[in-house]
Amino acid sequence: MISAIQNFITSPAIFNATQSTVTQVTTETCLKAVGRPTFILTDKQIDPQTKKFSATKEFLYQITCLAIYLAAITPICKKGAFALAKKAYKNEPIFQAFKDSSEFMKFHKMDESGKIAKLTEINRATGNGDKFTRSTINQDSENLARGVVEAGSMFGSVAGLAILAPIISHPIIHPVMKMIGMDNPKDAQSKQETPQSEQKQEVKA
């Protein structure tokens, strides 16, 4: 049992996952989506209706921001960073061989034999002879390109998740809250008070 846990922890897949900005942000946001609503629900100083409303809104907010981050912001920032690198590092073969960040990341995740086969395929398709080989596109160049992609992810995490995602998510959350019957406690209270005030006016009349 202990050896199985050790093998899992030390596996390359786990190491690569922990080095990914997207994975770290996703994990953190998922923990927030569970932890913050739970903290709100366990607060005994808030009335039940307010707790339910606040916890649901917080959960939807975190999940919506994460969805926007993963579906739009991250891909755009990664591709943008890779496109800038293609212009900045014109003499680097790795930025010439791959069109965008997604194509490079597929190559980066291949084993050695898969990488050699892929480079052979690229050379054949571009008619460049043996321009792209494991000597010209080695581990150092892969690390450079991976760093560019991660820089794009980090920028997306800061600018996107902290600024853009909240702006986009707010117009989405409120209609969803109404659709599932989770009105703001203040709105619900005003709805309850309105009939009473109208009844008092009728009595006075």
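Which exposed residues does the face of α7 turned away from its buried side carry? The legend to View 1 gives them, after a note on the model.

The model is predicted, and local features need pLDDT of at least 70, side-chain atom pairs count only at pLDDT 80 or more, and totals for chains, interfaces and linings use all residues. Residues are numbered from 1 along each chain as its sequence is written, and side-chain values use heavy atoms, with hydrogens and water left out.

**View 1. The two faces of helix α7 (residues 112-126).**
Helices (H or I, at least four residues) and strands (E, at least two) are DSSP runs, numbered from the N terminus. The face of α7 turned away from its buried side carries the exposed residues S113, R124 and A125. Buried means under 20% relative accessible area, exposed over 50%, and partly exposed in between (1.4 Å probe, protein chains only). K115, L119, I122 and N123 are the buried residues of α7. Seen down the helix axis, these buried residues fall within an arc of 100°, so they line one face of α7. The arc is that of the directions from the helix axis to the C-beta atoms. The buried residues of α7 pack against α5 (93-97), α6 (101-108) and α8; contact means heavy atoms within 4.5 Å.

**View 2. The length of α7 and the residue after it.**
Helix α7 has 15 residues, which at 1.5 Å a residue should span 21 Å. The expected span is 1.5 Å times one less than the number of residues. The end C-alpha atoms of α7 are 21 Å apart, which agrees. Just after α7, G127 takes a positive phi of about 70°.

**View 3. A salt bridge along α7, between E121 and K118.**
A salt bridge is a side-chain nitrogen of Lys or Arg within 4 Å of a carboxyl oxygen of Asp or Glu. The structure holds seven salt bridges. In the one between E121 and K118, the closest N and O atoms are 3.8 Å apart. E121 and K118 are three residues apart in helix α7, so about one helical turn separates them. E121 is partly exposed, with a relative accessible area of 43%. K118 is also partly exposed, at 21%.

**View 4. The surroundings of E142 in helix α8 (residues 139-179).**
E142 is buried, with a relative accessible area of 0%. Its side chain makes a polar contact with the side chain of H108 (2.8 Å). A polar contact is a pair of N or O atoms within 3.5 Å; within protein, one must be able to donate a hydrogen and the other to accept it, and residues adjacent in sequence count only if both atoms are side-chain atoms. R134 forms a salt bridge with E142, the closest N and O atoms being 2.9 Å apart. Both R134 and E142 are buried. Salt bridges that share partners join E112, K115, R134 and E142 into one network. Leaving aside neighbours within four places in sequence, E142 is in contact with residues including I94, F104 and F107.

**View 5. The link between helix α3 (residues 21-41) and helix α4.**
R36 forms a salt bridge with E58, with the closest N and O atoms 3.5 Å apart. The pair links distant parts of the chain, R36 lying in α3 and E58 in α4, 22 residues apart. R36 is partly exposed, with a relative accessible area of 39%, whereas E58 counts as buried at 17%. Q62 is also found in α4 (residues 48-88). The side chains of Q62 and E58 make a polar contact (2.8 Å). Q62 counts as buried, at 6% relative accessibility. Leaving aside neighbours within four places in sequence, Q62 is in contact with T29, K32, A33 and R36.

**View 6. The largest nonpolar core.**
A nonpolar core is a set of buried Ala, Val, Leu, Ile, Met, Phe, Trp, Tyr and Cys residues joined through side-chain atoms within 4.5 Å. Of the 17 residues in this core, F82, I94, F95, F98, F104 and I137 touch the most other members. α4, α5, α6, α7 and α8 each supply at least two residues of the core. Not counting residues up to four places away in sequence, I94 touches F82, F104, I137, S141, E142 and A145. A second, separate core of 10 residues includes C65, C77, L161 and A165.
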